[in-house]
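Colleague: I'd like to learn how to read a few features off a model. Could you walk me through some?

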Amino acid sequence: MFKFFLVSFLGLLIAAHGVAENRLHDNIAMIEELGSFDIEEENDVEFLDNSFWTSERVGKNLVNVDAFGAAGNGVEDDTQAFQSAWDKACSTPKSVLLVPQGRRYLVNATRFKGPCADKLIFQIEGTIVAPDEPKNWDPKNPRNWLDFTKLKGVLFQGGGVIDGSGSQWWASSCKKNKSNPCRGAPTALTIDSSSSVKVKGLTIQNGQQMHFTISRSQSVRIIDVQVSAPGDSPNTDGIHITESTNVLLQNCKIGTGDDCISIVNGSSSIKMKTIYCGPGHGISIGSLGKDNSTGIVTKVVLDSAFLRETTNGLRIKTWQGGSGFVQSVRYQNVRMQDVENPIIIDQFYCDSPKECQNQTTAVEISQIMYRNISGTTKSAKAMKFSCSNTVPCHNIVVSNINLEKKDGTVETYCNSATGFGYGIVHPAADCLSSSDKEECIVKIKNTENEELAEASPEDLVHTEL
């Protein structure tokens with residue numbers, strides 16, 4: 001029935017516009033491909049009950065950080081105790097490294113190295129807290145706090161908290177105060193160069209900058225994780241994925257001062273399912289292409305999400321001058337509440353204190369589907385496809401879109417973007433069907449007829465919100 005509807009609808013479109021028959025077949029094939037491709041969730045994501053490690057029958061070797069001299073009072077430095085406990089647990093098969101409930105452990109920047117013996121479980125029930133003074137940070141680890149590398153088959157779980165104590169880092173940011181120097185800050189939690197890692201139930205909060213990075217890894221599962229920081233905390237991305245494949249984020253609640261989720265170069269087969277986002281800058285692919293670099297992201301699925309009062313919704317952002325491509329992306333079943341820029345592709349991204357120069361190369365964006373997207377927007381331009389004149393966006397598909405604004409006025413903006421819509425699409429996206437590369441806006445006001453409006457120059461240049 002679904003395919004019959006598509007054939008009938010696109011057949012009428014062809015009759016009306018005189019499009020060739022092979023275009024119909026291409027559109028049907030693209031809809032079917034984008035609408036059906038998925039990332040395997042795997043049935044082996046099994047997490048143990050939090051009480052399992054108290055049983056003598058489970059055959060686990062309990063390694064308690066307190067047994068290695070951890071004070072757990074949030075004042076004394078417990079870094080060495082954690083490192084010693086890690087070394088013991090990592091080298092012992094079927095170990096459970098326990099951070100006990102009701103205690104605060106002050107831990108400095110540390111790298112926890114694998115590979116480890118089989119079936120290691122890191123059970124976090126208490127709070128791990130970072131030093132709060134940037135001036136005293138370990139200069140050997142300027143960009144990482146808790147860094148886990150070269151792991152395979154490790155499970156992180158529990159009801160505990162990883163707290164980056166980021167307030168003084170935020171205050172010293174140049175985005176907070178332009179008189180401050182612009183410098184990097186640590187990522188709170190990093191999983192690097194690892195595979196088959198699972199994380200469940202943890203809370204990560206008040207990151208110095210990014211909260212949780214998955215880097216150069218594969219087959220990672222993140223379930224029931226919460227990430228939180230104030231909405232005005234700078235550069236505090238929630239979950240950041242780079243150079244990684246086969247990653248699942250499920251049932252995660254994220255609210256920060258930057259992207260709830262950011263997916264950047266070298267990432268593919270990423271699935272996000274049942275995501276709550278807000279406050280923050282939305283769910284982003286990018287930024288990509290900065291400093292004329294290459295950025296490649298493919299096969300991304302977002303299925304079921306709620307975004308509330310974010311400064312962007314579903315965003316793809318690339319710098320001018322880059323190369324590479326973003327393709328095969330599907331966003332579906334997304335509800336928005338008072339979101340600015342609910343649907344946005346921005347090939348003129350410029351998060352810089354200086355004006356970015358126009359360049360002719362760009363990261364190519366194609367085969368992007370938006371399906372079943374609804375809610376309220378704060379922006380008049382509810383859908384915005386701002387693409388390069390020399391490397392246009394193409395094969396953009398919109399279906400069953402219903403975005404409203406309280407004053408009743410919503411519109412779609414296109415520059416060098418082509419594609420098509422089917423089903424109900426509000427605001428209308430006829431500008432995607434334009435055969436030329438001139439920018440146009442399709443505006444809907446209440447039930448009035450569609451009207452064209454000229455694009456303003458500021459539509460083509462954007463800075464970070």
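Colleague: How many Å apart are the sulfur atoms of Cys90 and Cys116?

Modeller: Some ground rules come with that one. This is a predicted model, where local features need pLDDT of at least 70, side-chain atom pairs count only at pLDDT 80 or more, and totals for chains, interfaces and linings use all residues. Residues are numbered from 1 along each chain as its sequence is written, and side-chain values use heavy atoms, with hydrogens and water left out. In general, a disulfide is a covalent bond between the sulfur atoms of two cysteines. Here the call is made for a pair of cysteine sulfur atoms within 2.5 Å. Cys90 and Cys116 qualify, with sulfur atoms 2.0 Å apart. The pair ties together distant parts of the chain: Cys90 sits in helix 3 (residues 79-91) and Cys116 in the loop between strand 5 and strand 6 (121-124), 26 residues apart. Helices (H or I, at least four residues) and strands (E, at least two) are DSSP runs, numbered from the N terminus.

Colleague: Are Cys90 and Cys116 buried or exposed?

Modeller: Both Cys90 and Cys116 are buried. Buried means under 20% relative accessible area, exposed means over 50%, and partly exposed is in between (1.4 Å probe, protein chains only).

Colleague: What is the handedness of the disulfide between Cys350 and Cys356?

Modeller: Look at the torsion about the S-S bond: for Cys350 and Cys356 it is about 85 degrees, so that disulfide is right-handed. The link of Cys90 and Cys116, at -100 degrees, is left-handed. As for exposure, Cys350 is buried at 2% relative accessible area, while Cys356 has 22% and counts as partly exposed.

Colleague: How many disulfides are there by this rule?

Modeller: The count is six. Numbering the bonded cysteines along the chain, the pattern reads 1-2, 3-4, 5-6, 7-8, 9-10, 11-12. Another of the links is Cys414 to Cys431, with sulfur atoms 2.0 Å apart, and both of those cysteines are buried.

Colleague: Let's switch to strands. Which way do the side chains point along strand 5 (residues 110-113)?

Modeller: In a regular strand the side chains alternate between the two faces of the sheet. Strand 5 does this: Thr110 and Phe112 point to one face and are buried, whereas Arg111 and Lys113 point to the other and are not. Strand 5 also pairs with strand 8 (residues 144-149), in the parallel sense and over four bridges; two strands pair if DSSP finds at least two bridges between them. Across that pairing, Arg111 stands opposite Asp147.

Colleague: And the packing? Which residues have the most contacts inside the largest nonpolar core?

Modeller: In soluble globular proteins, nonpolar side chains tend to be buried together. A nonpolar core here is a set of buried Ala, Val, Leu, Ile, Met, Phe, Trp, Tyr and Cys residues joined through side-chain atoms within 4.5 Å. The largest has 99 residues, and Tyr370 and Phe385 have the most contacts inside it. A second, separate core of 10 residues includes Met30, Ile31, Leu34 and Phe420.

Colleague: Last one: which side chain does Asp192 join through a polar contact?

Modeller: That of Thr149, at 3.4 Å. A polar contact is a pair of N or O atoms within 3.5 Å; within protein, one must be able to donate a hydrogen and the other to accept it, and residues adjacent in sequence count only if both atoms are side-chain atoms. Asp192 lies in strand 11 (residues 187-192) and, at 6% relative accessibility, counts as buried.
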